[in-house]
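Biologist: I'd like to go through this structure with you and ask how you know what you say about it. Can you show it to me?

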Amino acid sequence: MTQRLQSLIEILDGHRIFIQTHNFPDPDALSAAFGVQQLLEIFGIKAVICYKGSIAKASTQKMVELFGIKMMNADLIEDMCAEDYIITVDAQADNPNIAKLPGTVVACIDHHPTSVPYEYKYKDVRICGSCASLAADYYFSNKLSIDRNTATALMYGLKMDTDNLNRGMTDIDVEMFRRLFYYSDADILTQLMSQQMAFADLGAFISTLSGIKVFDGIAFASISSDVSDGLIAEVCDFMLELVEVEFAVAYTVRENGVKISVRSGLDYLDAGTITSNALEEIGTGGGHGVMAGGFVPKSSIEEAEFDLEEEIQNRFINAVYFSRMLKTALNDPLADLPES
Ligand SMILES: [Mn+2]
């Protein structure tokens, strides 16, 4: 057994275990959580998968049914206490996208860059295309057998988070894809991958698309709050497909603040850096080079006197311009460097 897995199991010993995903979990979060749950089961450790928010997207709900993923809305777990241990999966403690629960976060398995430091007893953060790849790696590098159902779920998470191997792929994703390929059910994957949107979402999707604005390669979409969460990412991906667009921002105003989804189509426009720069002082944001997310809490909006949408757009336009200028300056060392 690898040192990594051994230390995780030792830490968890004797505690009630919860595997917590980020709020409104997506296929990668759910598949990775499921993979870790099944992995721990091999060692006789029972863990409950929990999350906050809802499983908003019809396709994600379908995935849960097809793979038989058992999990609980954290609001329904009334007896969780500080002695209970939490493993965060596809998310990191104290980040705005993950709820604070009564249990103690002791472990983290995630593929995002760390934006909020936290002292874990066990930390496995490797930057790659999907958290499912990390979960899969625990099976293969420990020579543990993986059943068809778990392998297919992990493959689905890997394919979804990497946009079918097109986004943020790294060595470990390629390797895990190759290995999972032999164990996963191609028919189920084809079915899941081809059914991404519910008919009921179509009206909202169309009205969102007709409101898209593009300023100098940067696309913005405002999404109404009654739209399911999965649609935000869908709209973001769609905007990036426009030939005029190299950077896409979709945002939705929710009860507790503004949720922002970001995609970049160019290497030098780092979505994570740009999002964190754009939201400086009004919110939090970060992520990968190609994909990032942000949040502006209600408190910072209420006090502000600016027009919210205009402010978000201006901030992203400025942050993208800064990255472009930096690129120009690096290509031409004699040009003046922009001031940050
Ligand atoms: Mn992920």
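Modeller: Sure, and keep in mind that this is a predicted model. The protein chain is divided into domain 1 (3-194) and domain 2 (201-331). Their centres, taken over C-alpha atoms, are 26 Å apart.

Biologist: How many residues of domain 1 are in contact with domain 2?

Modeller: 12 residues of domain 1 are in contact with 13 residues of domain 2. A pair counts as a contact if the two C-beta atoms lie within 7 Å. On the domain 1 side, the touching residues are 4 nonpolar, 5 polar and 3 charged.

Biologist: What makes the radius of gyration of the protein chain agree with that of a compact globule?

Modeller: Put the value next to the rule. A compact globule of 340 residues would have a radius of gyration near 20 Å, and the protein chain has 20 Å, so the two agree. The C-alpha trace spans about 60 × 50 × 40 Å along its principal axes, and 44% of the 340 residues count as buried.

Biologist: Let's pick a residue, then. Why is aspartate 90 called buried?

Modeller: Count its neighbours: aspartate 90 has 31 other C-beta atoms within 10 Å. The cut-off for buried is 20 or more, so aspartate 90 qualifies. You'll find aspartate 90 in the loop between strand S4 (85-89) and strand S5 (104-110). Its phi is positive, about 65°, although it is not a glycine.

Biologist: And aspartate 94, buried or exposed?

Modeller: Aspartate 94 also lies in the loop between S4 and S5, but it has 12 C-beta neighbours inside 10 Å. Exposed means 12 or fewer, so aspartate 94 counts as exposed. Phi of aspartate 94 is positive too, near 70°, and this residue is not a glycine either.

Biologist: Now the helices. How do you describe the packing of H5 and H7?

Modeller: Two packed helices are described by the angle between their axes and the distance between the axes. For helix H5 (residues 148-161) and helix H7 (residues 186-194), the angle is about 35° and the axes are 10 Å apart. H5 passes H7 in a right-handed crossing.

Biologist: Which residues make that contact?

Modeller: H5 brings Thr152, Met155, Tyr156 and Lys159, while H7 brings Ile188, Leu189, Leu192 and Met193. By class that gives 6 nonpolar, 1 polar and 1 charged residues. Tyr counts as nonpolar here, so Tyr156 of H5 goes with the nonpolar ones.

How values were computed
Residues numbered from 1 in each chain as written. Predicted model: local features only at pLDDT ≥ 70, side-chain atom pairs only at ≥ 80, totals over all residues. Axes fitted to C-alpha atoms, helices over the stretch in contact; angles between N-to-C directions. Helix = DSSP H or I, 4+ residues; strand = E, 2+ residues; numbered from the N terminus. Left-handed = near helix turned anticlockwise from the far one by under 90°. Domains from an automatic or database assignment. Rg over C-alpha atoms; globule rule 2.2 N^0.38 Å.
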